[in-house]
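Student: Could you take me through one part of this structure with care, namely the place where the ligand sits and the spaces around that place? I would like one connected account that I can follow with the model open in front of me.

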Amino acid sequence: MLEPQTRPIPHGHGVHPFPHRHLTGIFGLQPWEITFLLDEAEQWIALNRASAAKHDNRLAGLTLINAFFENSTRTLLSFEIAGKRLGADVVNMAVAQSSVSKGETLIDTAVTLNAMRADVIVIRHDASGAVQLIADKVDCPVLNAGDGRHEHPTQALLDALTIRRRKGQIAGLKIAICGDVLHSRVARSNILALTALAADVRVIAPPTLMPAAIERMGVTPFTDFDAGLDGADVVMMLRLQRERMAGGFVPSPREYHALYGLTPERLARAAPDAIVMHPGPMNRGVEIDSVVADDVKRSAITEQVEMGVAVRMACLDVLTRAQRGVEGWA
Ligand code: NCD
């Protein structure tokens, strides 16, 4: 016989509290945990659209440190705005990418951030795994804002939220992730999130930019852009990440555009109501044409940026609930 339910259900959503201390990746998250974060983000969209009083003070008195060891415009700004809208004291530590060595220096940095009694730390670093290394050394929640080619979980969450709002659901959608998949943490986190949410995910890349054995992630690979786009509901373009390429992965940006650039003619192969996405920054005229990027009916690119703030507010709120003593989260 089953034991009667004696433990109280911990909080108002009818499920357990989010059971992770850090957000280092989408890997390891259950589908309900991803959906939970998306549901939590919905509440912040209206607040962010308010013309005044975009404030909620639930993080008042907490210190958020944004430690960006790699360049960023929208992710850093988005985390800064998210923290400020929730009332946190936000400090940005912008370390230009370059001579910061890994190993001991990174651990020293973690110890320093910890000694300053940060309450939540957001990290971007050019080395895959660096964020986990810091997460293991500090006493507070750590969020990954992009580590090397590994993961960029809040980007995948904001992309999933954008798709869910535009299309009403994610399950069953044909989603094409196109371009420099090999160097892209955005692609990796998106593949993990979108397959977990039961989308039919295709990846389209030139052979040199297609990760080996990618089909093991539950996606269908295509090297022919036109074939991969056929009937797609969502076309997600990726930046050609030349800073991560040593040597000749592509003959030239011009030739790349000819074979893998999203033009209006190519987009016509996708579903008639397909949406176009790009995490930014865009290389206009390389992976995407301006007419497509700026087509207000098809492009969801500015909405992605908008959803980014809501998603980051949700993540900051959820990950600090235990330390704020929110009922059921201790
Ligand atoms: C991406 C990143 O940094 O991983 N940008 C972003 O966060 N919006 C993608 C990219 O740099 O191409």
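Tutor: What follows goes from the pocket to the ligand and its contacts, then to a cavity, and ends with two points about the backbone.

Please keep in mind throughout that this is a predicted model. The ligand sits in the largest pocket, and the space in that pocket comes to about 430 Å³. The pocket is lined by 22 residues, of which Arg124, Arg185, Arg239, Gly280 and Pro281 are the closest to its centre. Two elements, α2 and α6, each give two or more residues to this lining. Sorted by class, the lining of the largest pocket is made up of eleven polar, seven charged and four nonpolar residues.

Turning to the ligand itself, you will find Arg74, Thr75, Arg124, His152, Gln155, Arg185, Val186, Arg239, Pro279, Gly280 and Pro281 around it. By class, this shell holds four charged, four polar and three nonpolar residues. Two of the arginines in the shell reach the ligand through their side chains: an N or O atom in the side chain of arginine 185 is 2.7 Å from an oxygen atom of the ligand, and for the side chain of arginine 239 the corresponding distance, again to an oxygen atom of the ligand, is 2.6 Å. Glycine 280 takes part through its backbone instead, with a polar backbone atom 2.9 Å from a nitrogen atom of the ligand. On its own the ligand has 310 Å² of accessible area, and the protein covers 94% of that area. The elements that supply two or more residues to the shell are α2, which spans 74–85, and α6, which spans 185–196.

The structure also holds one cavity of 30 Å³ or more, and the volume of the largest cavity is about 70 Å³. Its lining consists of Arg74, Thr75, Ser78, Gln155, Leu158, Pro279, Gln304, Val305 and Arg312. Here the elements that contribute two or more residues are α2, α5 (153–167) and α11 (301–319). By class, three nonpolar, four polar and two charged residues line the largest cavity. If you compare the lists, Arg74, Thr75, Gln155 and Pro279 appear both in the shell around the ligand and in the lining of this cavity.

As for the backbone, glycine 280, whose polar backbone atom was described above, is joined to proline 281 by a cis peptide bond with omega of about -5°. Proline 281 is placed in the loop between β9 (275–277) and α10 (290–293). A second backbone point concerns alanine 53, where phi is near 55°, a positive value in a residue other than glycine. Alanine 53 belongs to the loop that lies between α1 (31–49) and β1 (63–68).

Conventions: Residues numbered from 1 in each chain as written. Predicted model: local features only at pLDDT ≥ 70, side-chain atom pairs only at ≥ 80, totals over all residues. Heavy atoms only, no water. Near = heavy atom within 4 Å. Polar contact = N/O pair within 3.5 Å; in protein donor to acceptor, adjacent residues only side chain to side chain. Areas by Shrake-Rupley, 256 points an atom, 1.4 Å probe, with all protein chains shown as cover. 1 Å grid on protein atoms, 1.4 Å probe; cavity = no way out; pocket = protein on both sides within 12 Å on 5 of 7 lines; lining within 4 Å. Sits in = over half its atoms within 2 Å of the grid points. Helix = DSSP H or I, 4+ residues; strand = E, 2+ residues; numbered from the N terminus. Nonpolar A, V, L, I, M, F, W, Y, C, P; charged D, E, K, R; others polar. Points joined across faces, edges and corners; volume = space filled by probe spheres on them.
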